[in-house]
Amino acid sequence: MQVVSTVYKNLNVMQEIVKKRSNELQINPNQLAVQNIVSSLGEDLKKMFELTTKQIELLKDYYQKATTILQEVESQSIFDIKFGVYNRRYLMKAITDEIKLIKNYTHPSSLVLARVKESSLEKVINKKDKDTVVRNVARLLLKTSRRSDIVAHFGDGAFAMVLKHTDINSAKKACDRISELVYQTSFFVGTMEVETDIELAIIALDAEHSTEEFLSALLEALPQTGKRLLPYLVCTPIEPEEDETEE
């Protein structure tokens, strides 16, 4: 900040020098006076150039350091600024932690994956407007969630909800609430109303499967759901395929 302040002050000084010499040129139009003024201006600018060169190098160095710090902060972030929910990194950790708790305490917990159907966004041309529609859906998910639930952006406009201490029947009711709220809410892009369709899939978490297996099952089920299809699907984990070896 000090370097930026100094550079700013020096640029103002440089502007004043140029104005001053310009005024002198207007007052003294003869050739000798012009030569003297141009010579003085050259000396002034040379001094300012030497000062600002050092400051610009310092500014460049500080900028690079600040960029590195911001990247480190972002790499440790747990929040998705774009959609106003937790990010994928935090989600993966939250599911893994919940699986460990289930193993120790055997309580039921569920995972829900939600995504705005692509057909709902086809008429929205501008990407920024599409993001706005998806962001509004994320807000509705937050609105229907409990304080103990975790709502996170899984990626590509898909959102996950970790429903702690929630069995499948209660998770179904949560999905019913989500569907009802989404379909009752009007989404506008400018003057155009967007008919929003949402995909939903549910799975019960257990200690026998991995985070990836749960998410794979949900992602596979999503396209089969929607307003004119099934409102949601209850899934089971996809078991990893075993490598077949020849005898």
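## Close-up views

**View 1. Asp-156 sits in the loop between strand 4 and strand 5 (158–163).** Like every view in this set, this one is drawn from a predicted model. The backbone is the thing to look at here: Asp-156 has a positive phi of about 55 degrees, although Asp-156 is not a glycine. As background for that angle, most residues other than glycine have a negative phi. Is Asp-156 buried or exposed? With a relative accessibility of 80%, Asp-156 counts as exposed, because the cut-off for that class is over 50%.

**View 2. His-165 also has a positive phi without being a glycine, here of about 50 degrees.** To find His-165, follow the chain into the loop between strand 5 and helix 6 (168–184). His-165 has a relative accessibility of 56% and therefore falls in the exposed class, which begins over 50%.

**View 3. Asp-149 is a buried acidic residue in a loop, with a relative accessible area of 10%.** The loop in question runs between helix 5 (127–144) and strand 4 (150–155). What does the side chain of Asp-149 meet in a polar contact? Its partner is the side chain of Arg-146, at 2.7 Å. Once neighbours within four places in sequence are set aside, Asp-149 is in contact with Val-162, Leu-163 and Lys-164.

**View 4. Asp-131 and Lys-82 are joined by a salt bridge between their side chains, with N to O at 3.1 Å.** This pair links distant parts of the chain, 49 residues apart: Asp-131 belongs to helix 5, whereas Lys-82 is in the loop between strand 1 (79–80) and strand 2 (85–86). The two ends are not equally accessible: Asp-131 is buried at a relative accessible area of 14%, while Lys-82 is partly exposed at 37% relative accessibility. Asp-131 has a second salt bridge, this one to Lys-127, where the closest N and O atoms are 3.2 Å apart. Why are Asp-131 and Lys-127 about one helical turn apart? Both are in helix 5 and they are four residues apart, so about one turn separates them. In general, an α-helix has 3.6 residues a turn, so residues three or four places apart point the same way. Lys-127 itself is exposed, with a relative accessible area of 54%.

**View 5. Arg-228 and Glu-195 meet side chain to side chain in a salt bridge of 3.1 Å, N to O.** Here too the pair links distant parts of the chain, with the two positions 33 residues apart: Arg-228 is in the loop between helix 7 (211–221) and strand 9 (233–235), and Glu-195 is in the loop between strand 7 (192–194) and strand 8 (198–204). Arg-228 counts as exposed at 64% relative accessibility, and Glu-195 is partly exposed with a relative accessible area of 49%. For comparison with the previous view, salt bridges that share partners join Lys-82, Lys-127 and Asp-131 into one network. The count of salt bridges in the model comes to ten.

**View 6. Helix 1 (residues 2–27) and helix 2 (residues 31–75) have axes that come within 10 Å and cross at roughly 170 degrees.** That angle makes helix 1 roughly antiparallel to helix 2, because the class covers angles over 145 degrees. Which kinds of residue make up the contact of helix 1 with helix 2? There are 17 nonpolar, five polar and three charged residues.

**View 7. Gln-55, a residue of helix 2, is shown with its surroundings.** The relative accessible area of Gln-55 is 13%, so Gln-55 is buried by the cut-off of under 20%. Leaving out neighbours within four places in sequence, Gln-55 is in contact with Val-3, Thr-6, Val-7 and Asn-10.

**View 8. Helix 7 has buried residues that pack against one helix and several strands.** Which residues of helix 7 are buried? They are Thr-211, Glu-213, Phe-214, Leu-215, Ala-217, Leu-218 and Ala-221. The elements these buried residues pack against are helix 3 (88–105), strand 3 (110–116), strand 4, strand 8 and strand 9.

Technical notes. Residues are numbered from 1 along each chain as its sequence is written. This is a predicted model: local features need pLDDT of at least 70, side-chain atom pairs count only at pLDDT 80 or more; totals for chains, interfaces and linings use all residues. Side-chain values use heavy atoms; hydrogens and water are left out. Buried means under 20% relative accessible area, exposed over 50%, partly exposed in between (1.4 Å probe, protein chains only). A polar contact is a pair of N or O atoms within 3.5 Å; within protein, one must be able to donate a hydrogen and the other to accept it, and residues adjacent in sequence count only if both atoms are side-chain atoms. Contact means heavy atoms within 4.5 Å. A salt bridge is a side-chain nitrogen of Lys or Arg within 4 Å of a carboxyl oxygen of Asp or Glu. Axes are lines fitted to C-alpha atoms, for helices over the stretch in contact, and angles run from 0 to 180 degrees between N-to-C directions. Angles under 35 degrees count as roughly parallel, over 145 as roughly antiparallel, 65 to 115 as roughly perpendicular and the rest as oblique. Ala, Val, Leu, Ile, Met, Phe, Trp, Tyr, Cys and Pro count as nonpolar, Asp, Glu, Lys and Arg as charged, and the others, Gly among them, as polar.
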